[in-house]
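Subject: A structure for you to look at

Hi there,

Here is the structure I promised to pass on. Please open it alongside this email, and then read on for what turned up in it.

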Amino acid sequence: MMQFIDLAAQQAQIRGKIDARITAVLDHGAYIMGPEVTELEQALSEFCGAKHALTCANGTDALQLALMALEVGKGDAVFCPAFTFAATAEVIPSTGATPVFVDIDPATFNICADSLKRAIAHAQEQNLTPAAVIAVDLFGLPADYDALSEICAASKMRLIADSAQGFGGTYKTHRTGTLGDIATTSFFPAKPLGCYGDGGAVFTQNEDLADKIASLRVHGKGRHKYDCQRIGMNSRLDTLQAAILCEKLAIFPEEIRSRNEIAARYTAALGNLFCVPYVPEGLVSTWAQYTLRAPEDTPREKLIAALESAQIPVGIYYPKPLHQQTAYASFPKDPRGLRECEIAAATVFSLPMHPYLTDHDQDQAIEVLRDALT
């Protein structure tokens with residue numbers, strides 16, 4: 001049966017190396033912060049060009065560590081898109097700050113600069129201090145970091161790049177991981193670079209921020225674990241997961257190339273029938289998802305039903321924007337509303353996407369979609 005994300009196909013390519021890595025960890029027994037963690041952090045830094053890469057327990061913790069390191073707190077406003085997974089927003093209230101929701105660009109699905117400007121003014125009217133923006137590299141595509149950096153500089157805010165889906169992508173001459181004041185990622189198994197459990201990482205070019213994050217992820221430790229310099233948390237990447245990621249990172253560049261070839265093939269076949277993903281010039285997506293919009297005259301449900309009847313897996317990311325969800329409905333947002341987030345939630349759907357997707361399986365999905373429009 002066709003897989004939406006085929007982890008088994010990837011594992012078959014590197015199973016021997018993974019087994020050897022796991023055996024090595026079992027032999028040395030350093031299950032927490034073992035040597036493979038340091039090896040992975042160095043490899044991640046070399047891969048993306050960040051001076052500092054610090055692993056942690058998961059991608060949500062990575063975002064929280066970023067906010068804690070930037071000392072965001074009560075009375076602060078942190079801006080993020082409403083069309084994203086809950087993890088982006090849920091870390092903000094935990095610091096005492098207030099999330100302020102921003103609309104998206106309809107072409108890229110990423111945070112809209114004009115909407116952000118309106119949201120900043122609205123937050124100030126509510127006596128909130130603009131403190132940070134969390135940009136999301138949705139579906140693998142880097143956000144518009146030039147525009148966001150300019151806005152952040154003008155408002156004296158910090159910029160966090162949530163690259164849970166986009167780590168490994170390219171924004172002009174920069175790899176994700178080097179964008180913003182702090183960048184974060186997730187190693188959840190379904191991510192483009194995923195482990196076999198939970199995991200995450202934080203990236204920065206700033207030495208002081210790196211030192212704070214290294215402390216915060218281990219209970220706020222100072223010179224040793226019984227010397228607490230600050231209030232921290234327990235967020236360490238298991239050595240076993242680091243060992244697995246070392247092998248996965250080695251094949252990651254080739255997998256990114258494969259993802260882009262598969263995406264280009266989808267786009268060539270479906271571009272005259274659907275609103276296909278848009279990648280601005282100079283950017284490279286990691287294609288965490290390949291996401292289409294249903295045509296205006298065709299209900300999304302009809303297309304999904306056709307795919308499912310042919311046993312082709314399909315996903316909806318995301319069926320309800322955050323500002324419409326119970327937990328987040330009371331928080332501030334762009335005063336003009338979040339229309340593009342709402343339209344996207346009602347129209348998008350994602351096709352199977354992974355580096356090992358065969359031409360045959362891809363052609364089957366394409367044929368079903370074409371037939372469903374007739």
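First, a term for what follows: a residue is called buried when its relative accessible area is under 20%, exposed when that is over 50%, and partly exposed in between, using a 1.4 Å probe and protein chains only. By that measure Gly34 counts as buried, at 2% relative accessibility.

Some ground rules before the rest. This is a predicted model, so local features need pLDDT of at least 70 and side-chain atom pairs count only at pLDDT 80 or more, while totals for chains, interfaces and linings use all residues. Residues are numbered from 1 along each chain as its sequence is written, and side-chain values use heavy atoms, with hydrogens and water left out.

Back to Gly34. Helices (H or I, at least four residues) and strands (E, at least two) are DSSP runs, numbered from the N terminus. Gly34 sits in the loop between helix 1 and helix 2 (35–48). Its C-alpha is 9.5 Å from that of Leu237, although the two are 203 residues apart in sequence.

**A small sheet**

Strands 7, 6 and 10 form an open sheet in the order 7-6-10, with antiparallel pairing; two strands pair if DSSP finds at least two bridges between them. At the edges are strand 7 (174–175) and strand 10 (283–284), each pairing on one side only. Strand 6 (residues 170–171) pairs with strand 10 over two bridges, and Tyr171 stands opposite Leu283 there.

**Aromatic contacts**

Rings of Phe, Tyr and Trp (its six-membered ring) pair if their centres lie within 6.5 Å; planes under 30 degrees apart count as stacked, over 60 as edge-to-face and the rest as tilted. The count comes to 16 aromatic pairs. Phe83 and Tyr318 make an edge-to-face pair, 5.9 Å centre to centre with 80° between the planes. Phe83 is in the loop between strand 2 (76–81) and helix 4, and Tyr318 is in the loop between helix 9 (300–309) and helix 10 (339–347), so this pair ties together parts that are 235 residues apart in sequence. Phe83 is buried at 1% relative accessible area, and Tyr318 is buried at 11%.

Phe109 and Phe139 have ring centres 5.4 Å apart and planes at 75°, so they too are edge-to-face. This pair links distant parts of the chain, 30 residues apart: Phe109 is in the loop between strand 3 (98–102) and helix 5 (113–125), and Phe139 in the loop between strand 4 (129–136) and helix 6 (145–154). Both Phe109 and Phe139 are buried. One aromatic cluster takes in Phe4, Phe83, Phe85, Phe109, Phe139, Tyr317 and Tyr318.

There is also a charge over a ring (NZ of Lys or CZ of Arg within 6 Å of the ring centre and within 35 degrees of the ring normal): the charged end of Arg175 sits over Phe47, 4.0 Å from the ring centre.

**Pockets and cavities**

On a 1 Å grid over the protein atoms alone, a cavity is a set of points where a 1.4 Å probe fits but cannot get out, and a pocket is an open set with protein on both sides within 12 Å along at least five of seven lines; lining residues have an atom within 4 Å of a point. Grid points are joined across faces, edges and corners, and a volume is the space filled by probe spheres set on the points. For the linings, Ala, Val, Leu, Ile, Met, Phe, Trp, Tyr, Cys and Pro count as nonpolar, Asp, Glu, Lys and Arg as charged, and the others, Gly among them, as polar.

The largest pocket has a volume of about 450 Å³. Its lining has 24 residues, and Phe85, Ala164, Gln165, Ser186 and Lys191 are the closest to its centre. By class, the lining holds 12 nonpolar, eight polar and four charged residues. Helix 3 gives the most to it, with three residues.

Two cavities of 30 Å³ or more were found in the whole structure. The largest cavity has a volume of about 100 Å³. Phe109 and Phe139 appear again here, as they lie nearest its centre along with Leu141, Pro277 and Trp287. Its lining has nine nonpolar, four polar and no charged residues. The second largest cavity, of about 70 Å³, has five charged residues in its lining, with six nonpolar and three polar.

Enjoy exploring it!

Best wishes
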